[in-house]
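Visitor: I am new to this structure and would like to understand how the terms used for it are justified. Could you take me through them one at a time?

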Amino acid sequence: MEKIPILRMGEFLLVTIQIDMHDQLALKLQDDLSNTITKFGSKGVLIDISSLEMVDSFIGRMVADISGIGKILGAETILVGMQPAVAITLVELGLSLPGVATALNVERGMAILRRKIDADGFDDFSR
Amino acid sequence: MSDATMSNVLKKSGKEIQANWARDLANTTASRGRISAAELDQQAAEFIKLLTIVSDHAKASDITAPEFKDIREFLEGISRSRVAQGFSSDETASFIFSLKKPFFAALRQDAGKDADALADQTWRATELLDALGLHTVKTYQKSREEVINRQQREMLELSTPVVKLWDGILALPMIGTLDSARTQVVMENLLQKVVETGAQIAILDITGVPTVDTLVAQHLLKTVTALRLMGAECIISGVRPQIAQTIVHLGVDLQGVTTKANLADALAFALKRTGNSLKS
Amino acid sequence: MTSVAKGELPLRSEHDIVLARQQVRRLTQELKFSLVDQTKMVTAASELARNAMTYGGGGAMHWDVLDVQQRTGLKLLFADEGPGIANMDLAMTDGWTSGKGLGMGLTGAKRLVNDFEIDSKVNGGTRVTITRWK
């Protein structure tokens, strides 16, 4: 079965989702990430969806869950690169992903994570 | 068979029919200067060629049949270009209908003294050309609508320009009533600009918005949420006292959106915000 | 294959949901819908296809390209032979701001399309028809 690769970048993990995932694959990703965070003691997870042309409620929930699970395991999650059409559709669908931090791209996402971790922060910065 | 007659006539006298037709066309259409005689000639030739092919088909007037695909598409192309060139719908349709005269003349010559055959052929020819002519008009109207819709959209975008106030800070002065359609266009435009400029903050200025009811508030919130999902922050500025009261009375939850009384305050806030992030 | 104005595909497995999404994407692209409208339709299709799979025990997606009075539209029907919806009112309530979960995803999908029709009988299956106009 295919899996989505998880790249380790120091204290962070980078996941780039480029394919149209079926539900099982999404769940597997969640599982793999949880294990990988624990394995490396990662402090941050970046989920790059700049290639995704569609995010439905299942994927949305998966991202929210990953964020929640990550927090419990000591890692901050940040969702980056959502396309405008996808953002508009998600909002119309009724999903606002309130607990998930976001950034325009990977670079910004890393900067935010870095600041957060340096600040030893427990603050919730999902504004 | 009678239908073979139509196609035979076209094959035999096609060039002559085309010449006569092109001459008639040149006298009416081209004289308006929007289309050259050469282009008309080429269109006429192509049409005769396609017509010859389809007239071999038995059910000569059901133009929705697959055999008519090529000629339909050709006419759709003609319609679209006529729209772009500023012709009216009847000017466009007359391209087809003006073929009748030279075509019937050729059919008459071919039928000789056989009045029945001529009547039959003329009827089939007119049925076919009418159907094709109507199809041309239908496509013309559709193309026109598409042009109008596009122009409306462009006007909407122009009336709500996105302005870059500073590096990473965009502003969108919203003026007039915010209805659903308008907000959609405006929102899409703003989100696109955020991606293009890599902006961190978008300021929605509603000084020019007369009233904010629940619907308008919802539209604004949707824009704010979409921006956040993309990773940009949103500030709403130009909130007048009446609007603030309305928002509270309506029980609208602004969900932590920063609001400022005017654009200047919003810009100051935004500068501090983006200034802070540069310090790391 | 996508220039066929009418068609159907089965919804029997998870992979079929992905195929359904891709088919709707192809159709809306061919019909030259705007990118936002394409995305809305594909997302709605994903929600409803998943419903048919998850709650309906599998079914099919039927598509139909409409051309009515100069307007072009895409109509999709998601049909299953499952247990049906017992409480339609409950299934169709969902506030816009609740971001937690969408239950059956019906109200969300409804907001993404122009026309929405649902027909369901207890133990008699469910049919959801959505249409998006250009």
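**How the chains and helices meet**

Guide: Let us start with chain A and chain B in this predicted model, where the contact takes 20 residues from chain A and 20 residues from chain B. The area buried between chain A and chain B is about 1,800 Å², and carbon and sulfur atoms give 62% of that area.

Visitor: What makes the pairing of K222(B) and E92(A) a salt bridge?

Guide: The term asks for a side-chain nitrogen of Lys or Arg within 4 Å of a carboxyl oxygen of Asp or Glu. The side chains of K222(B) and E92(A) are 2.9 Å apart, N to O, and therefore meet in a salt bridge. Between chain A and chain B the count is one salt bridge.

Visitor: How many residues does each chain give to the contact of chain C and chain A?

Guide: Here 26 residues come from chain C and 22 residues from chain A. The area buried between these two chains is about 2,100 Å², of which 54% is given by carbon and sulfur atoms.

Visitor: How do you know that R50(C) and D23(A) form a salt bridge, and why is the pair said to join two chains?

Guide: The distance from N to O is 2.7 Å for R50(C) and D23(A), and the cut-off is 4 Å, so the pair counts as a salt bridge. R50(C) lies in helix α2 (residues 35-54) of chain C, whereas D23(A) lies in helix α1 (residues 23-40) of chain A, and so the pair joins two chains. R50(C) also forms a salt bridge with D56(A), with the closest N and O atoms 2.8 Å apart. Across the interface of chain C and chain A the rule finds four salt bridges, and a search of the whole structure finds 20 over all chains.

Visitor: Turning to the helices of chain B, why are α5(B) and α6(B) called roughly antiparallel?

Guide: Helix α5 (residues 100-111) of chain B and helix α6 (residues 115-159) of chain B pack at an angle of about 155 degrees, with their axes 10 Å apart. Angles over 145 degrees count as roughly antiparallel, and that makes α5(B) roughly antiparallel to α6(B). Their crossing is right-handed, and the contact includes F103(B), F104(B) and L107(B) of α5(B), together with L118(B), A125(B) and L129(B) of α6(B). By class, this contact of α5(B) with α6(B) has seven nonpolar, three polar and three charged residues.

Visitor: What is the angle between α4(B) and α6(B), and which term does it lead to?

Guide: Helix α4 (residues 89-97) of chain B packs against α6(B) at an angle of about 155 degrees, with the axes 9 Å apart. The angle is over 145 degrees, and α4(B) and α6(B) are therefore roughly antiparallel to each other. The crossing of α4(B) and α6(B) is right-handed. The residues of this contact of α4(B) with α6(B) divide into eight nonpolar, four polar and one charged.

Visitor: What makes α3(B) oblique to α6(B)?

Guide: The axes of helix α3 (residues 69-85) of chain B and α6(B) come within 8 Å and cross at roughly 45 degrees. Roughly parallel would need an angle under 35 degrees and roughly perpendicular one of 65 to 115, so an angle of roughly 45 degrees makes α3(B) oblique to α6(B). The residues of the contact of α3(B) with α6(B) divide into six nonpolar, five polar and four charged.

How values were computed. Residues are numbered from 1 along each chain as its sequence is written. Chains are lettered from A and ligands numbered from 1 in the order in which they are written. This is a predicted model: local features need pLDDT of at least 70, side-chain atom pairs count only at pLDDT 80 or more; totals for chains, interfaces and linings use all residues. Side-chain values use heavy atoms; hydrogens and water are left out. Axes are lines fitted to C-alpha atoms, for helices over the stretch in contact, and angles run from 0 to 180 degrees between N-to-C directions. Helices (H or I, at least four residues) and strands (E, at least two) are DSSP runs, numbered from the N terminus. A crossing is left-handed if the near helix is turned anticlockwise from the far one by less than a right angle, and right-handed if clockwise. Contact means heavy atoms within 4.5 Å. Ala, Val, Leu, Ile, Met, Phe, Trp, Tyr, Cys and Pro count as nonpolar, Asp, Glu, Lys and Arg as charged, and the others, Gly among them, as polar. Buried area is the accessible area (1.4 Å probe) that two parts lose on being put together, summed over both.
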